[in-house]
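Open the model in your viewer and keep the selection panel at hand. Each stop below gives a selection and then what is found there.

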Amino acid sequence: MVENAVDDAVTSDAKDGRGRLKEATRLIIEIVKYHPRYFFIAVSGATVFAVCTVASSIGLKWMIDRVILVRFNEGRIDSSAIVVGSILIIGIGLLRALGVVVRRSYAGKTEWRTAETITNKVLDHIVAQPVKWHRQHMTGDIVARCGVDADASVAILAPLPFSSSVLVMMLVSASWMLYVDVPLGLLAVTVFPLLLFLNIGYQRRIDRYYNLAQRELGTLSEAVHESFDGVMVVKSFGAEERETQRLAVITSRLRDARIDAVYIRSIFEAMLDAIPSLVNIALIVIGAMRVKSGAMSVGDLSSFIYLFTLLMFPLRIIGYLFSEIPHSVAGWSRVREILDEPILSDPLLLIGKTQTGTAIEISDLFFSHTPESDLIKNLSLHIKTGRTVAIVGATGCGKTTLLHLIAGLIAPQSGSISLQDGGVGLVFQEAFLFAETLRFNITLDADVPTAKVQQAAEIAECAEFIGELAVGFDTSMGERGVSLSGGQRQRVALARAIAQDRSILLLDDTTSALDPATEAKVIHNLREMNGHQTVVIVASRPSTIALADEVLYMRDGVIADHAAHSVLLSRRDDYRELINAFEHDRDSTASLSRTNEKDI
C-alpha cells in the first residue's frame, strides 16, 4: 500500500542484518544503564523460572515412571515415590511461580522507571534550549518525542528479561533432551535456530514500516496540535472540511504503514504457531516408535513432549521481543535526535551589567532572521533608571524583536546589551494565561506574598474585575484564560510582571486592548510605583505615547531619533505622519465598532 512512500522514507536508513543487530544491541545497552539494578533482578527471576521450567519435566518423568507405570504394571502404589515426586513437583512449581512474580514485577518497574527517566531527560533538554531553538521546532513534534517516542523506546524492556532467560532455558532444555534421547533431541533442537532465523527475517522486513509509522505519528501530532491552536481561525473561515481532509491524509499514511506492518506480523505469528505444532506432531510419532523399540520410556517421552510444549511459549516471547525491536529503535532514534542536539548558548549570558543610574545600554546591535537582510542594524540606545520610554515605529521595523533581545529571549549577531541588576519582566501583546487560578497566573507558583499580589493587581487596574470573580484570586481562568476578556488578560499579564518585582518592565503593546482611560491609569500607576522601576513600552496608540517621558523612534532597524513626543512631532515630518496614521486607524476602528453596536 505504501511501498513507494516506504522506499523513499527509508532509503537513507537501509541497513543490513548486522547493522540492525548492532543498532538493537546499542539500544539495549543504553536504556538498561538507566536502572540496571531493577533489570538484573528481573533477569534473575526469569532465570529461576527458566531453570524450574526445565526441572518440572524431570518431576513429571519421575511421577510417570515411578508411580503411574508402577501402579499399572505391578499393581502396587509406591508411597515413598509419591511423596518424593509431590515434593519435587510442588517445590519446583513454587520456585517457578516466585520467578514469575519477580520477573514481572521488576520488568514492569524497569520499563516505566526508564520511561520516566528518559522523558524527564528529554524535557530537561528541551527546557534548557533557548527560544530560538523552540521557534525551529513544531510543538506537536516535541510533544511526540516526550510522549509516544519515549514510551516506544522502552517497549523492548518488558519482554527483554524473559527473552534473555529463554536463552538459558534453551541451553538447559537442549542438553536435557539430547541426554534423554539423541535422535528425538536433535529434531526438537532444530526448531530453536529455525524460529530464531524466522524472527530475524521478520525484524528485517518490519522495521521500515515501524520507522515510517513512527515518523507519521510525529507528523500527525504536529498537525493536530497546530489545528487545535488555530481552531478559531479554522472556524472563522469555514475551513473545517479542508482541515479535516488535511489530517485525514496524514492519518491515512499512518494507517497504511501500520496495516502493512500488521500484515507482515500476522504471517509471522501464523508461522510461529504452525512450525512448533508440526514439529510436536513429528515428535509424538517418532517418540512412540522409540518407546515401542525400547529406546526410551513412556516417562521420557511424556517429559520430552511436555518440555517441548512448555518451551513454545517462551520462544514466542523471543518473537515478541524481535517484533518490538523495530518499534523501540524507531522511538529511540527520534528521542536521540533531540538529546543529541547541542544546548544552544543562553542569550542571557551575553547580557552585561550597566553602571549605576543606567537601566539599559545597547551599543552597535545587529540582528537578522535571515542572512539576506538585517532587521536591526547598528542600533545603540541609552535609557536611564526610573524612566518611562515608548518605542514607536512602523510595522516590521523591529520593535518587538528589540524587546526580545533586551529580555534575552534571542541573541544578537553582534553588539552588546547591558542591563541594571534586578531582572527583566516582558509582557507580550498576546497575553497567555494558564488554566489555573488567577493567583497562580500572577505568581507562577512562586512564593509571592498576598499583599504583593494584591498590590500588583491594583497597579495593573485588575482590582475591579477581580472583585466580580466568584472566588477572587482563587478563581480558575480556564484554558488560555478564556473566562476573561482580552483587556483583562493583558492586565493580568502585566500584574504578573509587576509581582515578580523586576527592575525593568518591557511592554509589547500590552495595553492595546484597554480603553484610553484605563490605559492612562495603568501608565500612571507604573510611573508612580517607585523611582527605580524602568518601563519600556512598544506603543501604537498616541495617547500612550504622549504619557512617556521619552520616545525612541525606530526606522529601518535603527533609532532614528529620540526625544519627548511633542518635540518629535514638531521636528520630524515622518514621525508626525506615522502618528497621524495611528490616529486615523484608531478613529476608523472606533467608528466601525460604534456602527456594529448600532446595527446590533
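The tour goes from strands to cores and ends at a pocket. Keep in mind that this is a predicted model.

**Stop 1: strand β2**

Select residues 358–367, which form β2. Add residues 376–384, strand β3. The two strands run antiparallel and are joined by six bridges. For a landmark, pick Thr358: Lys384 in β3 stands opposite.

Now add β5, residues 414–419. β5 also runs antiparallel to β2, with five bridges between them. Centre on Ile362 and look across to Ile417, its bridge partner in β5.

**Stop 2: strand β4**

Select residues 388–393. This is β4, and six of its six residues are buried. Colour the two faces separately. Thr388, Ala390 and Val392 point one way. Val389, Ile391 and Gly393 point the other way.

Which strands pair with β4? One is β8, residues 534–538, running parallel to β4 with four bridges. Ala390 has Ile537 as its bridge partner in β8. Another is β9, residues 550–555, also parallel to β4, with five bridges. Here Val389 is partnered by Glu550.

**Stop 3: the nonpolar cores**

Stay on Val392 and show its contacts. Setting aside residues up to four places away in sequence, Val392 touches Lys399, Ala539, Ile545, Val551, Leu552, Tyr553, Met554, Tyr575, Leu578, Ile579 and Phe582.

Next, step back to the largest nonpolar core, which has 45 residues. Val392 and Leu526 touch the most other members. Which helix gives this core its largest share? Select residues 486–499: helix α17 supplies seven residues.

A second core of 30 residues is separate from this one. To find it, select Ile391, Cys397, Leu506 and Val536, which are among its members. Ile391 and Val392 point opposite ways from β4.

**Stop 4: the largest pocket**

Turn on a surface or a pocket display. The largest pocket has a volume of about 1200 Å³. Its lining counts 35 residues. Centre the view on Ala407, Leu409, Val424, Leu426 and Phe428, the lining residues closest to the pocket centre.

Which elements give two or more residues to the lining? Select α4 (79–128), α5 (131–135), β1 (351–353), α13 (399–407), β6 (424–427) and α17. β6 gives the most, with four residues. α17 is the helix already met in the largest core.

Finish by colouring the lining by class. Expect 22 nonpolar, eight polar and five charged residues.

Notes:
Residues numbered from 1 in each chain as written. Predicted model: local features only at pLDDT ≥ 70, side-chain atom pairs only at ≥ 80, totals over all residues. Heavy atoms only, no water. Pairing = 2+ DSSP bridges. Core = buried A, V, L, I, M, F, W, Y, C linked by side-chain atoms within 4.5 Å. Buried < 20%, exposed > 50% of the residue type's maximum accessible area, 1.4 Å probe, protein only. Contact = heavy atoms within 4.5 Å. 1 Å grid on protein atoms, 1.4 Å probe; cavity = no way out; pocket = protein on both sides within 12 Å on 5 of 7 lines; lining within 4 Å. Points joined across faces, edges and corners; volume = space filled by probe spheres on them. Nonpolar A, V, L, I, M, F, W, Y, C, P; charged D, E, K, R; others polar.
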